[in-house]
Amino acid sequence: MADKFCFGVDVGGTTVKIGLFQTDGTIVDKWEIKTNTANHGSAVLPDIAHSLADKLKERNIEKSMVEGIGIGVPAPVNADGIVQNTANLGWGYKEVKREMEELTGLIVEVGNDANVAALGEMWLGAGKGQQDMIMVTLGTGVGGGVIVGGRPIVGSGGAGGEIGHLCVNYEETDHCGCGKTGCLEQYASATGIARLARIRLTKNDDPSILRGCEMGEITAKTVFDALKEGDKIAGEIVEEFGSYLGHAMANIAAVTDPTVIVIGGGVSKAGEIILGYIEKYYQEKAFFANRHTKFILAELGNDAGICGSAKLVIDEK
Ligand SMILES: [Zn+2]
């Protein structure tokens, strides 16, 4: 019998990425639509529903052949598919699962975008075959998904796995975007690495390639490019990044004992070179029974969200 189908939807602040999958994990089609955030994002779900219906018509697929729709959203989502608030979509309280089921007549499962990205990497990417995994997404912020026994840790209100806001420096006086001080995100995100660079460059006069850029032009990429040129200051910045992230991973491993830690997001484009810096500090602080954990780079890039969303539905069947 032919495989059934499902949709994986990754809702972002500017675009919605959508994938049509066979339930064996084959991506049949993928496309994007614009996220219309006007009027508190009231058109977001109807726009997605239209796009899915159009795709089924275009491909001549009966609705009865579709197992459901998985949706990843950039906010904490509870087990009932309810969102309390979103920073980028304009939604306040929203019953995403119920509304989407009413719009489409299909079963809908909803998850947090970072958690579903982790699930995607476990299903079809770097964590294939694993059941216990941490995924860290190093982008503008630090996102995370912690998977135990094949399932992301969601928690009571859906805020489980928010590892970007682990406190990793009790002495910090600068504030994180969340309002706290000393969050992992302040040291390990792209903006965090640029911040570490600015601090270090103002602290002393040691020569560095990075002094050729204006302070505002320093990014995580310029730091890693300088590192690859053998720049000493860049090396110190990346050591500092690695120590905060590696130590934080060792703490999470003490709770979840993962087989792999997958590093993704824009910062991971620096390549394999970053893994060594994280792993070194991980090993320094890891409990002896957690030292087996392997560090790997994410493989799915922007497709992780649609893959993991599709997997949400398959897992519920
Ligand atoms: Zn924070």
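Which residues in α8 meet which residues in α9? In this predicted model, the α8 side of the contact is made by G235, V238, E239, F241, G242, S243, L245, G246, H247, M249, A250 and A253, while α9 brings Y277, I278, K280, Y281, Y282, E284 and K285. Sorted by class, the contact of α8 with α9 holds 10 nonpolar, five polar and four charged residues.

Now look at how the two helices are placed. Helix α8 covers residues 232-256 and helix α9 covers residues 273-285; they pack with their axes 7 Å apart, at an angle of about 45 degrees. An angle from 0 to 180 degrees is called roughly parallel under 35 degrees and roughly perpendicular from 65 to 115, and α8 and α9 are therefore oblique to each other. The crossing of α8 and α9 is right-handed.

Let us move on to the sheet. Five strands make up an open sheet with mixed pairing, and their order is β10-β9-β8-β11-β12. The edge positions belong to β10 (151-152) and β12; each has a single partner strand, so one side of each is left without a neighbour in the sheet. Helix α4 (residues 113-124) packs on this sheet, where α4 touches β8 (133-138), β9 (142-148), β10 and β11. The direction of α4 makes about 55 degrees with that of β9.

At the β12 edge, you can follow the pairing residue by residue. Strand β11 (residues 260-264) runs parallel to β12, and four bridges join the two. V260 has K294 in β12 as its bridge partner, and V262 stands opposite I296 in β12. Strand β12 itself (residues 294-297) has two unlike faces: F295 and L297 are on the covered face, whereas K294 and I296 are on the uncovered one. This fits a familiar rule: in a regular strand, side chains alternate between the two faces of the sheet.

Finally, pick out one residue of strand β9, V146. Is V146 buried or exposed? With a relative accessible area of 4%, V146 is buried, because the cut-off for that label is under 20%. Setting aside residues up to four places away in sequence, V146 touches N115, M133, R151, P152, I153, G161, I163, I252 and T256. One of these, G161, is 15 residues from V146 along the chain, and the C-alpha atoms of the two are separated by 5.4 Å. The contacts of V146 also lead back to the elements met above: N115 falls within α4 (residues 113-124), and I252 and T256 fall within α8 (residues 232-256).

Terms used: Residues numbered from 1 in each chain as written. Predicted model: local features only at pLDDT ≥ 70, side-chain atom pairs only at ≥ 80, totals over all residues. Heavy atoms only, no water. Parallel < 35°, antiparallel > 145°, perpendicular 65-115°, else oblique. Left-handed = near helix turned anticlockwise from the far one by under 90°. Contact = heavy atoms within 4.5 Å. Nonpolar A, V, L, I, M, F, W, Y, C, P; charged D, E, K, R; others polar. Buried < 20%, exposed > 50% of the residue type's maximum accessible area, 1.4 Å probe, protein only. Pairing = 2+ DSSP bridges.
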